[in-house]
Amino acid sequence: MRFSILSAAIAATLLAACSGGKPPAPPPPGVTLATPLQRDVTDWDEYVGRFEAVQGVEVMPRVSGQITSINFRAGLSVPSGQLLFQIDPRPYRAALEQAKAQVLRSQAALANAQSEMKRSEELRKFQAVSQEENETKLATLRSAQADLAAAKAAADARALDLSFTSVRAPISGRVSDRRVAIGDYVTAGQTLLTTVVTVDPIWFSFEGAESFYLKYIRQAAKGERASSRYAANPVDIQLADETGYNWHGRMIFVDNAIDNNSGTIRAHAEVPNPKGFLVPGMFGRARLLGSGTYKALLVPDEAIVTDQTRKLVYLVGKDGKTIARPVETGPMVEGLRVIREGLKPGEKIVIDGLARLQPGMPVTPREGKIAPRNTDAPTSEPSQAPKPDAATPAGNAR
């Protein structure tokens, strides 16, 4: 019986093959459709730069002499006015005493000239002295007065020189190492003793391309974004070993000209640094507020197909066939790509199953969902960011 059933099955198969019948067509490929996320988005432009001290001072002596003491620890913070180096004060103290003695001598000469002048005036009433002799004594008095003023000025200068033998920190900041040793002879205005730089706040300096500058000018003219020349636009900074933008500052400077050689313009932001973690020369990557807030749709980057110079996304029509739609893309936000133009809110796009899709191909859609992938990137204008100012001159924007 089993043999009969098997023979009947084989015969039926051979009969179907001989009759020329075609196998059924494969079902349409399955794809996943999802609605793009809608967000209020602000563009952020990226720059590479380095941190710089707001103030940096090369400490040099203002008088010459021998170093007798060094009064700081290298690499630590020092307040303004702290004693850093001591230059041998003895020669300058002696010069000051000599200048003080000259003041006393001039005071005595002046007192004598005043006495003689007074006596001459009394005698002049009785015609006891000539007019010529009286004028001579007056000239002597005036000369004594001038000598006293010069002696006092010289004493003040010697006192100033004596004070300069104590080399103090000109600003509050972090001091470098010493460049001289005790016993070295230093020359006024020539010998570098050390350097002091400020660390809080600190500047982040970078250069931007002319194309960005032009974009900012046009945005300011339209009232979309205030100029960084006048407004403290926010800047976020990422250090070399960081994955997020953990440092935040404000724009405070945009240069007045574009460099002829590089075609870039200099700028810097001020960043709070209360613990002194950031130091001058440190490398960083910054993002600067690059636009006003606008409505945008977000889609996964892999849902976008490149067709030569065009960017395309696939939709599914009412007839169940695919439609290729050109789109204009923008930056990455929340790990998704911004679609500036080409899609309408509520339209669904294909996010999975794109490998062999062609326009007009029938597909079997299934529902999916797009979710944010990275919340580190800013999605909207920060609450503290300055609002666009229509009164900002369009020719002074960045």
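**Two loops, a sheet and a helix pair**

Proline 201 is found in the loop between strand E10 and strand E11, the latter spanning 202-209. In this predicted model, the peptide bond that joins aspartate 200 to proline 201 is cis, with omega at about 0 degrees. Most peptide bonds, by contrast, are trans, and most residues other than glycine have a negative phi.

The second part of that statement leads to another loop, the one between strand E18 (322-333) and strand E19 (336-341), where glutamate 334 lies. Phi of glutamate 334 is near 55 degrees, a positive value in a residue other than glycine. Because its relative accessibility is 8%, glutamate 334 counts as buried, the cut-off for that class being under 20%.

Strand E10, which precedes the loop of proline 201, also takes part in an open sheet of four strands, whose order is E3-E10-E8-E5 and whose pairing is antiparallel. Strand E3 (56-59) and strand E5 (77-78) stand at the edges with a single partner strand each, so one side of each has no neighbour in the sheet. E3 is joined by four bridges to E10, residues 194-197, and the two run antiparallel; within this pairing, valine 57 has valine 196 in E10 as its bridge partner.

Turning to the helices, H2 (residues 90-125) and H3 (residues 131-164) pack with their axes 8 Å apart and at an angle of about 160 degrees. Since angles over 145 degrees count as roughly antiparallel, H2 and H3 are therefore roughly antiparallel to each other. Their crossing is left-handed, and the residues of the contact of H2 with H3 comprise 18 nonpolar, nine polar and ten charged.

Note on methods: Residues numbered from 1 in each chain as written. Predicted model: local features only at pLDDT ≥ 70, side-chain atom pairs only at ≥ 80, totals over all residues. Heavy atoms only, no water. Pairing = 2+ DSSP bridges. Axes fitted to C-alpha atoms, helices over the stretch in contact; angles between N-to-C directions. Parallel < 35°, antiparallel > 145°, perpendicular 65-115°, else oblique. Left-handed = near helix turned anticlockwise from the far one by under 90°. Nonpolar A, V, L, I, M, F, W, Y, C, P; charged D, E, K, R; others polar. Buried < 20%, exposed > 50% of the residue type's maximum accessible area, 1.4 Å probe, protein only.
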